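Got the viewer open? Let's walk through this one together, a selection at a time.

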Amino acid sequence: MATRVGSKSICGCLTLLQAWIYEYFPLFRPSQILQAPDAPRASSWVCHRFAGGDDARQRLVRYRQMLDEMSGEDVSWTPYGRDAGTEVLRSLYTGVIRFADVAEGYDPARCRRQFGYRQTIPRTMMVPKDVYRPASCSTYIVFWEGSMDQLWGNLLSHFLHIAIDSDLCEYPSEADEDYMDWYRTRSHPRIINPDSSGVSLQRPVLVDEVSYVIIVQFLMYC
């Protein structure tokens with residue numbers, strides 16, 4: 001929602017978002033310094049504050065062009081090593097993750113390449129069982145299927161199951177032949193609008209996204 005034309009702000013841990021960008025997209029990395037082994041990984045990046053004005057607008061246009069021109073070879077798919085999934089086994093958990101009163105679906109099958117595996121078409125995205133916003137409350141309440149505590153406590157029954165030998169990538173950006181066709185119908189391939197007439201391109205709503213779209217529309221307009 002933060003990328004919509006009418007949005008003027010964004011919430012969440014933006015430091016984490018920046019660190020994620022630097023890890024996976026080398027083209028946008030600032031310089032890096034050596035640090036103590038027990039220091040936060042994100043603190044190794046040396047970021048500089050840029051002034052506004054015309055220079056800032058020119059940089060924005062250039063960044064958009066760079067993103068549109070990127071290929072799979074411009075992504076660092078496994079910045080934490082090809083064994084991240086086995087070294088941090090919980091990263092292969094699939095289900096709902098909760099922190100305090102916030103719960104979100106997590107499906108590592110949607111990004112198998114960051115674990116060193118070939119990308120395939122993932123299963124239908126997880127959607128909540130129900131969602132509503134009480135009239136007396138400024139936030140909305142989401143209900144997920146089953147007990148989150150039981151899912152998290154029984155990790156071995158809720159892992160991403162991979163055939164280790166046959167699913168390993170031969171090259172970092174490897175994906176099944178039909179994956180990119182599937183991906184392009186569900187994403188925006190470019191940031192800069194190629195239509196000079198200014199007519200926006202509409203992304204088709206597919207069957208496995210209908211429930212998600214209904215929920216988002218409900219949250220936006222209620």
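Before the first stop, one bit of vocabulary: two strands pair if DSSP finds at least two bridges between them. Keep in mind, too, that you are looking at a predicted model.

**Stop 1: a hairpin**

Select strand S3, residues 95-99, and then strand S4, residues 102-106. The two run antiparallel, with 5 bridges joining them. For a place to look across from one strand to the other, pick valine 96, which has glycine 105 of S4 standing opposite. Now follow the chain around the turn: 2 residues sit between the strands of this hairpin, and alanine 100 has a positive phi near 55 degrees.

**Stop 2: the whole protein**

Zoom out and color by secondary structure. How many helices and strands does the protein have? There are 7 helices and 6 strands. Going along the sequence, their order reads α-β-β-α-α-β-β-β-β-α-α-α-α.

Next, switch on the surface. The accessible surface comes to about 16200 Å², and carbon and sulfur atoms hold 56% of that. Of the 222 residues in the protein, 25% are buried. As for contacts with a separation of 6 or more, 56% are between residues 24 or more positions apart.

**Stop 3: helix H1**

Select residues 14-24, which make up helix H1. Which residues of this helix are buried? They are Ala19, Tyr22, Glu23 and Tyr24. Add strand S2 (45-46) to your selection, since the buried residues of H1 pack against S2.

Stay on glutamate 23 for a moment. This residue lies in helix H1 and counts as buried, at 6% relative accessibility. Show what surrounds glutamate 23: leaving aside residues up to four places away in sequence, it touches Arg29, Arg41, Trp45, Ser76, Pro79 and Tyr80.

Now for leucine 17, which is also in helix H1. Buried or partly exposed? Leucine 17 is partly exposed, with a relative accessible area of 40%. Select Ile10, Leu14, Leu17 and Trp20 together and you'll have a nonpolar surface patch of about 360 Å².

**Stop 4: a network of charges**

Side chains of opposite charge can pair when their charged atoms come close. The count for this model comes to 7 salt bridges. To see some of them, select Arg112, Arg118, Asp167 and Asp176, which are linked in a network of salt bridges.

Start with aspartate 167 and arginine 112. Their closest N and O atoms are 3.0 Å apart. Aspartate 167 lies in helix H5 (residues 164-167) and arginine 112 in the loop between S4 and strand S5 (130-132), so this salt bridge ties together parts 55 residues apart in sequence. Turn the surface back on to check both ends: aspartate 167 is buried, with a relative accessible area of 12%, and arginine 112 is buried too, at 6%.

Then move to arginine 118, which forms a salt bridge with aspartate 167 as well, the closest N and O atoms being 3.7 Å apart. Here the partners are 49 residues apart, with arginine 118 in the loop between S4 and S5 and aspartate 167 in helix H5. At 18% relative accessibility, arginine 118 counts as buried, because the cut-off for that is under 20%.

Arginine 118 has another partner to show: aspartate 176, with the closest N and O atoms 2.6 Å apart. Aspartate 176 sits in the loop between H5 and helix H6 (179-184), while arginine 118 is in the loop between S4 and S5, so the pair ties together parts that are 58 residues apart in sequence. What about the exposure of aspartate 176? Aspartate 176 is partly exposed, with a relative accessible area of 25%.

**Last stop: cysteines**

How many disulfides are counted here? The count comes to 0. Two cysteines to click on are cysteine 13, which is exposed with a relative accessible area of 53%, and cysteine 111, which is partly exposed at 28%.

Methods
Residues are numbered from 1 along each chain as its sequence is written. This is a predicted model: local features need pLDDT of at least 70, side-chain atom pairs count only at pLDDT 80 or more; totals for chains, interfaces and linings use all residues. Side-chain values use heavy atoms; hydrogens and water are left out. A salt bridge is a side-chain nitrogen of Lys or Arg within 4 Å of a carboxyl oxygen of Asp or Glu. Helices (H or I, at least four residues) and strands (E, at least two) are DSSP runs, numbered from the N terminus. Buried means under 20% relative accessible area, exposed over 50%, partly exposed in between (1.4 Å probe, protein chains only). Contact means heavy atoms within 4.5 Å. Accessible areas come from the Shrake-Rupley method with a 1.4 Å probe; for residues, only the protein chains shown count as cover. A disulfide is a pair of cysteine sulfur atoms within 2.5 Å. Patches are made of residues with over 30% relative accessible area and no salt bridge: like charges are joined within 9 Å, nonpolar side chains (Val, Leu, Ile, Met, Phe, Trp, Tyr) within 5 Å.
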